[in-house]
Structures are given as C-alpha cells and as structure tokens.
Amino acid sequence: MPRSDLEEILEPDLPICDPHHHLWDFPTSRYLLDELLADMTSGHKVESTVFVECTAFYRAEGPEPFRFVGETEFVNGAAAMSASDRYGKLRACEAIVGRADLAGPDVGGVLAAHVRAGGGRFRGIRAAGAWDPSPQIEAAHTRPGQGLYARPDFRAGYAQLKDHDLSFEAWQFHPQIPEVTALARAFPETTIVLDHVGGVLGIGPYAGRRDEEFARWKRDILEIAKEPNVVVKLGGLGMAICGFGFHKREVLPSSVELADAWRPYIETCIEAFGPMRGMFESNFPVDRVSCSYANLWNALKRIASGASADDKALLFRDTARRVYRLDERAPA
C-alpha cells in the first residue's frame, strides 16, 4: 500500500524513547530487530525502546506456565545485539514487558523466571483484559474472558508483582477503563501503565458514535487519572479498531491528518495525567496499518507543538525512562 512517508522530519534533534513496540515473526507479518532498527533510524532521534509482549517465540516445551518466558529470552537476545554497539548507540528493547498467567499456578516462580531471563531488563507484566460483548469486537490476542481484572484468582497473582518490583501493563477497551481504575485502587503500590489512551473502540456497535463514546471515554479517563499509580501511553490510535479508517485508504494519511484525528484523545490525557505521567508511543508494527513510523512521530510532535521544552522532554523520553527504570540496570 502506498505510504505518504516522505515528509520532512519535525524537530529531528528531540530525543525519543519509544515505550511500546513488538517483535514477531508470524506467517503473514515479520517485524524483528532489522525492521525495528530501520524504523528507529528513519529520521527521528529514537534513542531507546521498550518491548511489550505479543505472543512471540514462546517455549515449545516445559511446564505450561513457564513457556511465556521464551519470549523474554528471545527479546533479551535482541536487546543484547543492540547493546553491542554493532548498530550504533541505539538501545532497542532496553526494557522488556512480558506475559504471565496471573491467575495460574506458580505465579511467583514464573515472575522470577522472567526476571532471570531478562538480563536486568525485565520490568513488567502485561495481562490483556480487552473483551467486549459484541461479536463484532475481537477480544485481545490472549483471548481473555469477561472481567479478568476483577477475578479473585487473577488478583491473587497480581498481588505478587510488587514482590518482584514489576509494573502492570493494562490493555483493555475503553468501556472497561473503570475495571482498571478499580484495580489501581485495590493495589495502590503497583504501577499501572494504561496502554493506548485506554483502548478506543470505533468499530462494530461503536461506529458512528464518536461524540457519545468520546464523552464516555473522557469521563473514565478523568476518573482513572485521579489514581497516582497510573500512567498512560499516548498512542495506539492507528489501530483499525479505533475506527478512523486510515488503514482502508489507498494512500495513507499525512501527519497533519493524523494529528487532527488523534489530538482530542491525546490532549485530554495529557491534561488529565500531566507530562510526568504520560508518554508518547508508536505501537509498531500494529499501527503501521495507518501510517509510517516517521509520520507517526511527526503527528505526535505536531500535537505537542505548544508544549514547553521541559514537557516535551517528559512526554517523548523522560517519563518512559523513569517508569521503566531504564537507568537502573539490575544484575543479570
């Protein structure tokens, strides 16, 4: 599909930590270190990244609860390649967020195995809870059922995250934001990272209801932002489920068009959470259906154009580095 990816790079010297991307090698899609490095070097000053789980490279053998650790082993290898300076000073996968079945057996053992496998880079767990009653809305990639975050067995495992100094990555759809708010209030000592401005839906029964659903989303964003242990990722709006329709176009949009569409959501989150608790993200390669990596960061820079230099530093790099403790390498 043609891409409008020949724009001049805006603010090319602004340092960026991209706190949300994936690596995978699926039959119809490949995005490994080579592809990530090509995007990181496409014009913006992307210095480092954070990998987030995506069902890539699980162990084929061994106890079922520990098979997810294979993804951490794989990503730590990619991170080690990047840290060798063979590809310059870029630090791909400087932090790793993996998967664990928090409702399953031996949660403590699985978390400890992830930490060991991460070579000092392992920082958190994502257990996707994205579910909707409409058959037109596909559940998250891990196929959670309804109400995962409120289940007693899930919460028993969740309670162990703090023992391993791990954060929690919440991926849900926007009608489920109150479920994350309840989780944050029940466990105030655990940092929650709210992915993709809360998981905006704009397809199926949510199509054609942008104003009504935005009002609902905003109400819940303002409520969850009251919890000091919650931070938000500012992005993920290029996904097809958001309903903007950019992925259907013959020529993908410019950064001006992207910024115009995404601005209400991102500005609301920045106002609610503040730059100290907000971080711009790419969500690549998922958001690649709607834009190039270069245009995505141009769009985010357009949205932040009125911010002070200090706030830009927080939104584009420093908040992510603090939340994921990128300057605190633990012993391998």
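Biologist: What makes C269 buried?

Modeller: C269 has a relative accessible area of 1%. Buried means under 20% relative accessible area, with a 1.4 Å probe and protein chains only, so C269 counts as buried. This is a predicted model, where local features need pLDDT of at least 70, side-chain atom pairs count only at pLDDT 80 or more, and totals for chains, interfaces and linings use all residues. Residues are numbered from 1 along each chain as its sequence is written, and side-chain values use heavy atoms, without hydrogens and water.

Biologist: Why is C269 in no bond with C242?

Modeller: A disulfide is a pair of cysteine sulfur atoms within 2.5 Å. The closest cysteine sulfur to that of C269 is in C242, 12 Å away, so the two are too far apart for a bond. C291 is in no disulfide either, with the sulfur of C242 nearest at 11 Å. The structure holds zero disulfides.

Biologist: Is C291 buried or exposed?

Modeller: Buried, because its relative accessibility is 1%.

Biologist: How do you know that the span of α9 is close to the one expected?

Modeller: Helix α9 covers residues 309-323, a DSSP run of H or I with at least four residues, numbered from the N terminus. Its 15 residues reach 20 Å from first C-alpha to last. The expected span is 1.5 Å times one less than the number of residues, here 21 Å.

Biologist: Where is the kink in α9 centred?

Modeller: On L315, at about 55°. The bend is the angle between axes fitted to the seven residues ending at a residue and the seven starting there. L315 is also among the buried residues of α9.

Definitions and conventions:
Helix = DSSP H or I, 4+ residues; strand = E, 2+ residues; numbered from the N terminus. Buried < 20%, exposed > 50% of the residue type's maximum accessible area, 1.4 Å probe, protein only.
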